[in-house]
Amino acid sequence: MKKPELQVFLESLHSGELLSGTVAAIEPFGVFVALDEGPDHPVFPGGVGFITSPELSWRRIEAASDVVRSAAHHL
């Protein structure tokens, strides 16, 4: 599934660039993020942002949900 606007957006990003967004889905292996700017991903929930478990915490964690909770979880 090709999305030209997604490819253009990804190629415009630079290593170390800070992006903002909202957690779209918490999976055992990481967190999908709906970026505030940029196109939606054609398959994965939310957007094109993804943070792996090792990037979420310096300590060893079993699942991303060990360190990330959705705002809806606190209601």
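**Contacts, Strands and Core**

Trainee: Which residue meets the side chain of Arg60 in a salt bridge?
Mentor: A salt bridge requires a side-chain nitrogen of Lys or Arg within 4 Å of a carboxyl oxygen of Asp or Glu. Here the N to O distance is 2.4 Å. The side chain that meets Arg60 is that of Glu62.

Trainee: What kind of model is this?
Mentor: Residues are numbered from 1 along each chain as its sequence is written, and side-chain values use heavy atoms, with hydrogens and water left out. Local features need pLDDT of at least 70, side-chain atom pairs count only at pLDDT 80 or more, and totals for chains, interfaces and linings use all residues, since the model is predicted.

Trainee: Are Arg60 and Glu62 buried or exposed?
Mentor: Buried means under 20% relative accessible area, exposed means over 50%, and partly exposed lies in between, with a 1.4 Å probe and protein chains only. On that scale, both Arg60 and Glu62 are exposed.

Trainee: Which residue offers its backbone nitrogen to the side chain of Asp66?
Mentor: Asp66 lies in the segment after H2; helices (H or I, at least four residues) and strands (E, at least two) are DSSP runs, numbered from the N terminus. Asp66 is partly exposed because its relative accessible area is 40%. A polar contact is a pair of N or O atoms within 3.5 Å; within protein, one must be able to donate a hydrogen and the other to accept it, and residues adjacent in sequence count only if both atoms are side-chain atoms. At 3.0 Å, the side chain of Asp66 reaches the backbone nitrogen of Glu62.

Trainee: Which residues does Asp66 touch, leaving out those up to four places away in sequence?
Mentor: Contact means heavy atoms within 4.5 Å. With residues up to four places away in sequence not counted, Asp66 touches Arg59 and Ile61.

Trainee: At what distance does the side chain of Ser57 reach the backbone nitrogen of Arg59?
Mentor: Ser57 is also placed in the segment after H2. Ser57 counts as buried because its relative accessible area is 15%. Its side chain reaches the backbone nitrogen of Arg59 at 3.1 Å.

Trainee: In what order do the three strands form the open sheet?
Mentor: Two strands pair if DSSP finds at least two bridges between them. The pairing in this sheet is antiparallel, and strands S1 (21-27) and S3 (49-52) are the edge strands, each pairing on one side only. The order is therefore S1-S2-S3.

Trainee: By how many degrees are neighbouring strands turned against each other on average?
Mentor: The axes are lines fitted to C-alpha atoms, for helices over the stretch in contact, and angles run from 0 to 180 degrees between N-to-C directions. With direction ignored, the average for neighbouring strands of this sheet is 25 degrees.

Trainee: How many bridges join S1 to S2?
Mentor: A hairpin of two residues connects S1 to S2. Among the paired residues, Thr22 has Ala34 in S2 as its bridge partner. The two strands run antiparallel, and the number of bridges is six.

Trainee: Which residue in S3 is the bridge partner of Gly30?
Mentor: S2 (residues 30-35) and S3 pair in the antiparallel sense over four bridges. In this pairing, Val31 stands opposite Ile51. The partner of Gly30 is Thr52.

Trainee: How far apart are the C-alpha atoms of Thr52 and Gly30?
Mentor: Thr52 is partly exposed because its relative accessibility is 28%. Leaving aside neighbours within four places in sequence, Thr52 is in contact with Phe29 and Gly30. Although Thr52 and Gly30 are 22 residues apart along the chain, their C-alpha atoms are separated by 4.2 Å.

Trainee: Which residue has its backbone oxygen 3.4 Å from a polar atom of the Ser53 side chain?
Mentor: Ser53 lies in helix H2 (residues 53-56) and is buried because its relative accessibility is 12%. The residues that Ser53 touches, not counting those up to four places away, include Phe29, Gly30 and Ala64. The backbone oxygen at 3.4 Å belongs to Pro28.

Trainee: Which element gives the most residues to the largest nonpolar core?
Mentor: A nonpolar core is a set of buried Ala, Val, Leu, Ile, Met, Phe, Trp, Tyr and Cys residues joined through side-chain atoms within 4.5 Å. The largest has eight residues, including Leu6, Val31 and Ala64; helix H1 (4-12) and S2 are the elements that give two or more. Five of the six residues of S2 are buried. With three residues, the element that gives the most is S2.
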